[in-house]
Amino acid sequence: MPLLTCQELLDYLSDYVEGRLPAAEHARMDEHLAVCPECVEYLHSFQATLAACRSLRSADLAQIPDMPEDLVQAILAARRVAPLTEPPAALLRPAVGDEE
Ligand SMILES: [Zn+2]
């Protein structure tokens, strides 16, 4: 059976993390993660973000003075490894003069 692609893995990542996948599918995810460090890193970011969201949700939001550093880092890490981002349009065209 061919390995899952990274995209397929991402599609099922939340089911994987929550343990909702059938054993055979879960094993295929493990197979991909065994050979794809990028997806492992993404998985860790995803889990950290989930954990941060859960702790946020269960806390009294009004009593949190600032965004937890863990959450900020998890979001930044997830953005860094997101596979489908495109470069900002500004990077694709030559610089033009002042727009003001
Ligand atoms: Zn992958």
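This passage describes the fold of the protein chain and then turns to two of its residues, A51 and L76.

The structure is a predicted model. Its protein chain is built from six helices, with zero strands. Followed along the sequence, these elements give the pattern α-α-α-α-α-α. The chain has 100 residues, of which 9% count as buried. As for how the chain meets itself, contacts with a separation of 6 or more were considered, and 59% of them link residues 24 or more positions apart.

A helpful place to begin a closer look is helix α4, which covers residues 37-58 and contains A51. Around A51, 13 other C-beta atoms are found within 10 Å, so this residue is partly exposed; the exposed class ends at 12 or fewer such atoms, and the buried class starts at 20 or more. A51 can also be placed relative to L71, which is 20 residues away in sequence. In space, the C-alpha atoms of A51 and L71 are 8.7 Å apart.

Helix α5, made up of residues 69-81, holds the second residue of interest, L76. Is L76 buried or exposed? L76 counts as exposed, because it has 10 C-beta neighbours inside 10 Å, and a residue with 12 or fewer belongs to that class. For L76, the partner to look at is T49, with their positions 27 residues apart along the chain. The C-alpha atoms of L76 and T49 are separated by 10.0 Å.

Definitions and conventions
Residues numbered from 1 in each chain as written. Predicted model: local features only at pLDDT ≥ 70, side-chain atom pairs only at ≥ 80, totals over all residues. Helix = DSSP H or I, 4+ residues; strand = E, 2+ residues; numbered from the N terminus. Contact = placed C-beta atoms within 7 Å.
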